[in-house]
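Work through the exercises below with the sequence and the model at hand. Try each task before reading its solution.

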Amino acid sequence: MTTTQREPVTRVAVLIPTYNERDNLPGIVARVRANVPAADVFVLDDGSPDGTGQVADDLASADPQVHVVHRSAKEGLGKAYLAGFAIALERGYDAVVEMDADGSHLPEQLPSLLAALGEADLVIGARWVKGGEVRNWPVRRKVLSVGANLYTKVLLGMSVNDATAGYRVYRASALRAMGLQGVESQGYCFQIDLTLRAVRAGLTVVEVPITFVEREVGVSKMGQDIVREALTSVTRWGVEHRVGQLRSVAGRVRGSEPVGDRS
Ligand SMILES: Nc1nc2c(ncn2[C@@H]2O[C@H](COP(=O)(O)OP(=O)(O)OP(=O)(O)O)[C@@H](O)[C@H]2O)c(=O)[nH]1
Ligand SMILES: [Mg+2]
């Protein structure tokens, strides 16, 4: 593999989507600010009924590097991130981080993710790679996540091991190159969708092992609908991918058929 010299990253936007994360938010923002002091934080709140938006506003008024994007209704993780990407690109950030508010993604590991961006367009904080770890997940969740990633990898033919992971860093140039128009996916599917777009755009994806810690406070928003969405979409993309491969093989075979004897 060849490594190309890449633009240094100086301006970093950390996007933190929130829905009812009042008790988690102050701690996570403080840890991001402590670990990557140069980075700006954008809280993307979908009108949380528990008052997370107000907590975020209080953090923002105490710290000029913390910003809040108030969105009127709960539209899902994907839509919140797309809104955040648009803002980060418009404001000229070099790199954009995706991070959950619930403490699963350790801000202490963000410097190593950012360092890996030196040779990557997309860095994924990966659980299912050597050195990666998941804390406090029941076996059933582990099986679901490993299974979903294996299914994704085999069907889509990607070499990425943890395409559902939500702790990542994109170069701004990568987000522009990937084309975010028409992204409708939510939840895990959003992460797979963007990984696939990055791979198909010929971008370099690097996985850095992380320790993922299950949330201790608050309620998970990931339900069966999110799992179903991922399964349906990956199956559809996989079938399209395999049909495309078959068509191109068939085209090559036809192209190499001997031309009949015209004498
Ligand atoms: N803005 C916004 N944020 C959301 C929405 N749904 C989830 N989030 C946030 O996205 C992050 C991930 O959601 P979680 O509920 O923790 O989902 P998860 O980490 O896949 O699931 P668990 O492991 O069970 O916690 C958290 O910071 C949530 O508050 C939404 O509709 N809008
Ligand atoms: Mg979570």
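The exercises concern a predicted model of a protein chain with a ligand.

**Exercise 1.** Describe the fold content and overall dimensions of the protein chain.

Solution. Start with secondary structure: the chain contains 8 helices and 9 strands. Next, take the extent of the C-alpha trace, which is about 85 × 40 × 35 Å along the principal axes. Finally, test the radius of gyration: the chain has 20 Å, and this agrees with the compact-globule expectation, because a globule of 263 residues would have a value near 18 Å.

**Exercise 2.** Locate ligand 1 and characterise the shell around it.

Solution. First find the site: ligand 1 takes up the space of the largest pocket. Then list the neighbours: 20 residues surround the ligand, and Glu21, Lys74, Asp102, Ser220 and Lys221 come nearest. Sort the shell by residue class, which gives 8 nonpolar, 3 polar and 9 charged residues. Last, assign elements: strand S1 (12-18) and helix H3 (77-90) each contribute at least two shell residues.

**Exercise 3.** Which atoms of Pro17, Leu44 and Asp46 lie opposite polar atoms of ligand 1?

Solution. Begin with the backbone. A polar backbone atom of Pro17 is 2.8 Å from an oxygen atom of the ligand, and one of Leu44 is 3.0 Å from a ligand nitrogen atom. Turn to side chains: an N or O atom of Asp46 is 2.8 Å from a nitrogen atom of ligand 1. To finish, consider burial: the protein covers 97% of the 640 Å² of accessible area that ligand 1 has on its own.

Key: Residues are numbered from 1 along each chain as its sequence is written. Chains are lettered from A and ligands numbered from 1 in the order in which they are written. This is a predicted model: local features need pLDDT of at least 70, side-chain atom pairs count only at pLDDT 80 or more; totals for chains, interfaces and linings use all residues. Side-chain values use heavy atoms; hydrogens and water are left out. A polar contact is a pair of N or O atoms within 3.5 Å; within protein, one must be able to donate a hydrogen and the other to accept it, and residues adjacent in sequence count only if both atoms are side-chain atoms. Accessible areas come from the Shrake-Rupley method with a 1.4 Å probe; for residues, only the protein chains shown count as cover. On a 1 Å grid over the protein atoms alone, a cavity is a set of points where a 1.4 Å probe fits but cannot get out, and a pocket is an open set with protein on both sides within 12 Å along at least five of seven lines; lining residues have an atom within 4 Å of a point. A molecule sits in a cavity or pocket if more than half of its atoms lie within 2 Å of its grid points. Helices (H or I, at least four residues) and strands (E, at least two) are DSSP runs, numbered from the N terminus. Ala, Val, Leu, Ile, Met, Phe, Trp, Tyr, Cys and Pro count as nonpolar, Asp, Glu, Lys and Arg as charged, and the others, Gly among them, as polar. The radius of gyration is taken over C-alpha atoms; the globule rule is 2.2 Å times the number of residues to the power 0.38.
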